[in-house]
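Q: Hey, I'm new to this one and would like a quick tour. Can you pull it up so we can talk it through?

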Amino acid sequence: MKRRPLATWLLYLVTFFGFAYLFVPLITIAVFTFNKPKGRFNTAWQSFTLDNWRHAFQASDYLTAFGKSIQVALIACTIATILGGLMALAISRYKMKGGPALDLLLVLPLTTPEIVMGASLFTLFFNQSVRRGFWTIVIAHTLFCVSFVALTVKARLRGLDWSLEDAAADLGSPPLRTFRKITFPMIVPGISAAFMLSLALSIDDYIITSFVAGNTSTFPREVFDSSKITIPPQVHVIATLIMLIAVVTIVATTVAGLRREARLKG
Amino acid sequence: MARDDATNDAGRRDGRNLPYLLVLPGIAFLFVFFVVPLITLFKISLSTKPDRLRPEYDFTWDWGNFSAAFTDFGSQLVRAFVYAALATVLCALIAYPVAYFIAFKAGRYRNVLLGLVMLPFFTSFLLRTIAWQSLLADAGPVLSTAKAFKLGGLLEALQITQNGRLINTQLAVVGGLTYNFLPFMLLPIYVSLEKIDVRLVDAAADLYSPFGRTFRRVVLPLSMPGVFAGTLLTFIPATGDFINAELLGNPISRRVIGNAVRTQFLNQNDYPAAAAISFVLMAIITALVVVYAKFLGTEDLA
């Protein structure tokens, strides 16, 4: 009989602790949707109620701000995915002059602390007398997503077989059709993953946004700026709903994946 | 046949500029909104502010802002770097085993576990930090459990609590940072572990290498790019972060460099001072990253 070494037990222990660490706050948020807060803060447990779920959409400032966040994220991430995806495609598909310089330009925004990026954009808009608001937020979010998308997609594109494109061309396919039928389907998983992750980054950004937002409120701004004044429990309900959607999506895609696997085997 | 070659060649020639056309919009965007603002910020850091109450400034090659950044904000800088370094080390210590488990032990549940690791991304990080406020609060679940088991004295002796409090301590700030950046450390490590050819590990075992040595000589070196990327993705944002310090810390630990930049910019309107602090922060980070890259040697971030 094989004895499990101490290292294995340690591995299980840390893994368990790691997942607990990740999830305890999430569970706390979900639990606090059932809290009946005393006063303006929903941070100390008082008593059980379903009111927050019944009146889930009454925290209208937060809902408006959340809508703004979604708008910003969709526009910024679409632009970032196009710009970044094209760059990744060019870098990994073709031999280019100035490749290292381009790599540096892509890495730098990721190694610049958010606070510096926010400050520098602030000075740009201040100097050009640009009124800060919705579109300056979109520009800022596009900026930190472009590098992220480009590098993620680049990593995914490495190792793809580009000779398929040549094969299509040899068989007389015009370039646009080759792109539509061969290149696009090859790169689409990497690009959509990058798009999803950049959406999450954008919706969650507070630091850069606080520099370029002017009077426009996004969801994180609304939460942070009012966290010292009031946190209504509906905020927790909104967050829990989003989390539920995410969990359902993860479970559904996993189940679909396992089914497909089973079908291929069987 | 000959005609085919000709069209192919023509296609190649037309396509020669294609990659440059593809990267042009991205480069233009990064130039206008990243390079130009950084240069502007640098210029402002060398400017003086004639009127204390107005935000306007004059460019005067005034290096004084930089020495002022060190003398006035030195403690904020040190504090931010210490918090970030501690959080990064803790992240690596937790993330590596978890990533290892998911990559090698999770079997068919691998994707579910990966999805679960990403789940925090779908909840506002502010709300998660506020959740820590509830958890660590004086009457919160952690402290009341500890009290029920009469562990209060032990926690105090281990300096986990200060004056019987968990919230508003430096430890809470480091714990919050560790929590917030854990997925950013975990995912790159997982990616590099997953790429490892298991046959290498089997080969080492076949050659009678004990597990510890196989790990040290085969697995760990091959996963170093992931640790490197994860460290950067954790350490750099953590140095500039002020949310955790603000929501979980006390009035002293709240004073980190990110907060200094923000207050100088948005409340004091002292742009030259704020710009100088930003560049000092960036310079230190760049220096640390260069040294770190020399030791861990990898050119690949992604």
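Q: Let's start with S129(A): is S129(A) buried or exposed?
A: S129(A) counts as exposed, because just 6 other C-beta atoms lie within 10 Å of its own and the cut-off for exposed is 12 or fewer. Bear in mind that this is a predicted model.

Q: Where does S129(A) lie in chain A?
A: In the loop between α5 and α6 of chain A.

Q: And what separates the C-alpha atoms of S129(A) and A169(A)?
A: A separation of 51 Å. Along the chain, those two are 40 residues apart.

Q: OK, now R156(A). Which helix does R156(A) lie in?
A: Helix α6 of chain A.

Q: Why is R156(A) called partly exposed?
A: R156(A) has 19 other C-beta atoms within 10 Å. Buried would take 20 or more and exposed 12 or fewer, so R156(A) falls in between.

Q: How many Å separate the C-alpha atoms of R156(A) and A193(A)?
A: 9.6 Å, with the pair 37 residues apart along the chain.

Q: Zooming out, what is the secondary structure of chain A?
A: Eleven helices and zero strands. Reading along the sequence, you get α-α-α-α-α-α-α-α-α-α-α.

Q: What about the radius of gyration of chain A?
A: Chain A has 23 Å, whereas a compact globule of 266 residues would be near 18 Å. Taken along the principal axes, its C-alpha atoms fill a box of roughly 75 × 70 × 40 Å.

Q: How many of the residues in chain A are buried, as a percentage?
A: 40% of the 266 residues. As for contacts with a separation of 6 or more in chain A, 79% are between residues 24 or more positions apart.

Q: Where in chain A is confidence lowest, and where highest?
A: The low end is α11(A), with a mean of 81, and the high end is helix α9 (residues 207-212), at 92. Chain A has a mean pLDDT of 86, and 98% of its residues reach 70 or more.

Q: Switching to the two chains together: how many residues of chain A are in contact with chain B?
A: 71 residues of chain A, and they touch 68 residues of chain B. Several helices of chain A each supply at least two residues to that side, including α3 (60-93), α8 (175-204) and α11 (233-265). α1(A) gives the most, with 14 residues.

Q: What's that side of chain A like by class?
A: The side of chain A that touches chain B has 53 nonpolar, 15 polar and three charged residues.

Q: And the largest nonpolar core, how many residues does it have?
A: 145 residues. Those with the most contacts inside the core are A119(A), A95(B), A99(B), L186(B) and I277(B). Helix α3 (residues 64-105) of chain B gives the most to this core, with 17 residues.

Q: Which residues is L186(B) in contact with?
A: Leaving out neighbours within four places in sequence, L186(B) is in contact with A95(B), V98(B), A99(B) and V117(B).

Q: Last stop, α5(B). How many of its twelve residues are buried?
A: Eleven, so the helix is mostly covered. Among the buried ones are F125(B), R128(B), W132(B) and L136(B).

Q: What span should the helix α5 of chain B have?
A: At 1.5 Å a residue, its twelve residues (125-136) should span 16 Å, and the end C-alpha atoms are 16 Å apart, which agrees.

Technical notes: Residues are numbered from 1 along each chain as its sequence is written. Chains are lettered from A and ligands numbered from 1 in the order in which they are written. This is a predicted model: local features need pLDDT of at least 70, side-chain atom pairs count only at pLDDT 80 or more; totals for chains, interfaces and linings use all residues. A nonpolar core is a set of buried Ala, Val, Leu, Ile, Met, Phe, Trp, Tyr and Cys residues joined through C-beta atoms within 7 Å. Helices (H or I, at least four residues) and strands (E, at least two) are DSSP runs, numbered from the N terminus. Two residues are in contact if their C-beta atoms, placed from the backbone, lie within 7 Å. Ala, Val, Leu, Ile, Met, Phe, Trp, Tyr, Cys and Pro count as nonpolar, Asp, Glu, Lys and Arg as charged, and the others, Gly among them, as polar. The radius of gyration is taken over C-alpha atoms; the globule rule is 2.2 Å times the number of residues to the power 0.38. The expected span of a helix is 1.5 Å times one less than its number of residues. pLDDT is the predictor's confidence in each residue, from 0 to 100.
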